[in-house]
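Here are a few short exercises to work through with the model open beside you. Try each task before you read its solution.

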Amino acid sequence: MMKKIVLIVICLLFGSLVNGQNLVPNWSFESYDTCPNGENQINYCSGWSAFRNAGGYYNACCSNNIASVPNNLAGSMLAASGNGYAGIEIDPPVQLNGYRQYIGAQLISPLVVGTRYYVNFKASPALFQSTFTTTLQDLCNKLGAFFTTVSYNNINNPMPIPNYAQFYTDSIVGDTGVWNTVSGSFIADSTYQ
């Protein structure tokens, strides 16, 4: 039986050393244009898009167990704050050739070259409807944030899979019962947006 891992990501935060401003719009996934009611509806969340393949949006406004919070296709998880969160599917390379989903948003303002930026987000591995068993080998390391100067907010013109990210963790995000905080920093080498 093929295992499918979903990694739910919330509260993507970016701030510069200078002013500590959060540069990510709708960072907590609370604002939406349409309440989600099915799979792969990240585009319903204001300011967010699927950059490759698709991405899930989950919110307590949903009345079914597909996209609601806390119970949805990924299992059962309360939001870390508020009523919403997003999810991406990450399959091990031996399954579906390492299928990956990417979601993204345009920053409120471009990054300034030479400035240190702090990245902080919460993640929790989950499984579709708890059908499968999670083992350490199924989980993902190198979870991070990729910044670009090119807009990739079109699922029909997907972003190429980058072989790097400006920020990532070497640790495996493995505790499925809680929101795990991933944080660090990098110095911008371009005016990423």
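Accessible areas here come from the Shrake-Rupley method with a 1.4 Å probe. With that in hand, the protein chain of this predicted model exposes about 9600 Å², of which carbon and sulfur atoms supply 49%.

**Exercise 1. Describe the overall make-up of the protein chain.**

Solution. Start with the elements: the chain has 11 strands and 0 helices. Next, turn to burial, taking buried as under 20% relative accessible area: 45% of the 193 residues qualify. Finally, look at contacts between residues at least 6 apart in sequence; 71% of them join residues at least 24 apart.

**Exercise 2. Find which strands supply at least two residues each to the largest nonpolar core.**

Solution. First, locate the core: it holds 26 residues, and F29, I42, L111, V119, F121, F147 and F186 touch the most other members. Then trace the strands: strand 6 (84-89), strand 8 (116-127) and strand 11 (180-187) each supply at least two residues. Strand 8 gives the largest share, 4 residues. Lastly, keep this core apart from a second, separate one of 10 residues, which includes Y58, M77, Y85 and W179.

**Exercise 3. Work out why strand 6 is largely enclosed by the rest of the structure.**

Solution. Take the two faces in turn: G84, A86 and I88 point one way, Y85, G87 and E89 point the other way, and all are buried. That is 6 of the 6 residues of strand 6, so the strand is largely enclosed. Now look for a partner: strand 3 (residues 56-59) pairs with strand 6 in the antiparallel sense over 4 bridges. Within this pairing, Y58 stands opposite Y85, and both residues belong to the second core.

How values were computed: Residues are numbered from 1 along each chain as its sequence is written. This is a predicted model: local features need pLDDT of at least 70, side-chain atom pairs count only at pLDDT 80 or more; totals for chains, interfaces and linings use all residues. Side-chain values use heavy atoms; hydrogens and water are left out. A nonpolar core is a set of buried Ala, Val, Leu, Ile, Met, Phe, Trp, Tyr and Cys residues joined through side-chain atoms within 4.5 Å. Buried means under 20% relative accessible area, exposed over 50%, partly exposed in between (1.4 Å probe, protein chains only). Two strands pair if DSSP finds at least two bridges between them. Contact means heavy atoms within 4.5 Å.
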